[in-house]
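I set out to record what can be read from the coordinates of this model. The entries below follow the order in which I looked things up.

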Amino acid sequence: IDATDRQALCTLKRPRAYDKAVCNMAVMDIAEISPLFRAVYAMLKPEGVFVFSLMHPCFQPPNMRKVTETEEVGRELVTRHSIQIFEYVSPRRFEGIALTGQPAAQLYYHRPLSVLLESCFSAGFVMDAMREPVFAKEESTQFDWYEIPPAVVIRLRKGMKRE
């Protein structure tokens with residue numbers, strides 16, 4: 001089903017409303033997210049829960065640069081990994097590499113947190129939890145995401161819809 005088509009999404013509705021819904025690491029891949037949020041809201045029971053995760057828009061926006069620097073600290077050389085952000089506020093579509101060696105670029109849809117959350121609130125949801133998980137230092141990753149969260153997880157509850 002097309003996640004940008006509210007009517008098509010609502011065909012998933014069943015006689016009884018859903019208690020919960022989950023969207024894992026897909027919101028940043030969807031061109032228009034309002035239909036998804038509105039459809040999920042319509043299919044949830046009162047006080048129903050919707051949890052979604054996505055690449056963290058604050059720390060993985062378009063043209064983000066990963067930086068590795070080495071400096072002298074006292075009598076030691078210390079290597080630090082960081083990021084540089086060049087664009088954040090403006091929503092936009094951009095291409096990226098999801099998996100090394102993939103045959104075509106992945107399309108992503110960057111939205112700052114304010115735009116992302118406004119889509120949730122406009123649909124009638126209230127946010128009651130948010131997590132920004134990081135990797136443990138023992139885990140092997142391509143980049144040290146120990147202090148910079150690569151993803152964000154947001155939990156919404158069906159609230160009273162605003163007119």
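Entry 1. Terms for the pocket search. I take a pocket to be an open set of grid points with protein on both sides within 12 Å along at least five of seven lines. Its volume is the space filled by probe spheres set on the points. I note at the outset that the model is predicted.

Entry 2. The second largest pocket. I looked up its volume and found about 250 Å³ of space. The lining comprises 14 residues, and those nearest the centre are Ala 21, Val 22, Leu 36, Val 40 and Met 43. Which elements each supply at least two residues of this lining? I found strand E1 (18-23), helix H2 (34-43) and strand E2 (44-55). E1 gives the most, with five residues. I then sorted the lining by class and obtained 13 nonpolar residues, no polar residue and one charged residue.

Entry 3. Overall layout. I next listed the secondary structure of the protein chain, which comes to three helices and eight strands. Along the sequence I read the pattern α-β-α-β-β-β-β-β-α-β-β. For the extent of the chain I took a box along the principal axes, and the C-alpha atoms fill roughly 65 × 35 × 30 Å.

Entry 4. The four-stranded sheet. In what order do the strands of the open sheet stand? I read the order as E1-E2-E8-E7, with mixed pairing. E1 and strand E7 (125-131) stand at the edges with a single partner strand each, so one side of each has no neighbour in the sheet. From one strand to the next, I find that the twist averages 20 degrees.

Entry 5. Pairings of E8. I examined the two partners of strand E8 (residues 151-158) in turn. E8 runs antiparallel to E7, and six bridges join the two. In this pairing I located Phe 125 opposite Lys 158 of E8, and Arg 131 opposite Val 153 of E8. E2 also runs antiparallel to E8, and seven bridges join these strands. Here I noted that Val 51 stands opposite Arg 155 of E8.

Entry 6. Helices on the sheet. I asked which strands each helix lies across. H2 lies across E1, E2, E7 and E8, and its direction makes about 150 degrees with E2. Helix H3 (residues 113-123) lies across E2, E7 and E8, at about 140 degrees to E7.

Entry 7. H2 against H3. How do the axes of H2 and H3 cross? I find that they come within 9 Å and cross at roughly 35 degrees, and that the crossing is right-handed. From H2, the contact is made by Ser 34, Phe 37, Arg 38 and Tyr 41, and from H3 by Ser 119, Cys 120, Ser 122 and Ala 123. By class, I count four nonpolar, three polar and one charged residues in this contact.

Entry 8. The E3-E4 hairpin. I turned to strand E3 (residues 65-73) and strand E4 (residues 76-84), which pair in the antiparallel sense over nine bridges. Thr 70 stands opposite Thr 79 in E4. Two residues lie between the strands of this hairpin, and there I noted that Gly 74 takes a positive phi near 65 degrees.

Entry 9. Enclosed space. How many cavities of 30 Å³ or more does a search of the whole structure find? I found one, and about 60 Å³ of space lies in the largest cavity. Its lining consists of Met 28, Leu 54, Met 55, His 56, Pro 57, Gln 60, Phe 94, Tyr 108, Tyr 109, His 110 and Arg 111. E2 and strand E6 (106-110) each supply at least two of the lining residues, and E6 gives the most, with three. By class, I obtained seven nonpolar, three polar and one charged residues for this lining.

Entry 10. Cross-reference. I close by marking E2 as an element that recurs in these entries. E2 supplies at least two residues to the lining of the second largest pocket and at least two to that of the largest cavity. E2 also pairs with E8, and both H2 and H3 lie across E2.

Methods
Residues are numbered from 1 along each chain as its sequence is written. This is a predicted model: local features need pLDDT of at least 70, side-chain atom pairs count only at pLDDT 80 or more; totals for chains, interfaces and linings use all residues. Side-chain values use heavy atoms; hydrogens and water are left out. On a 1 Å grid over the protein atoms alone, a cavity is a set of points where a 1.4 Å probe fits but cannot get out, and a pocket is an open set with protein on both sides within 12 Å along at least five of seven lines; lining residues have an atom within 4 Å of a point. Ala, Val, Leu, Ile, Met, Phe, Trp, Tyr, Cys and Pro count as nonpolar, Asp, Glu, Lys and Arg as charged, and the others, Gly among them, as polar. Two strands pair if DSSP finds at least two bridges between them. Axes are lines fitted to C-alpha atoms, for helices over the stretch in contact, and angles run from 0 to 180 degrees between N-to-C directions. Contact means heavy atoms within 4.5 Å. A crossing is left-handed if the near helix is turned anticlockwise from the far one by less than a right angle, and right-handed if clockwise.
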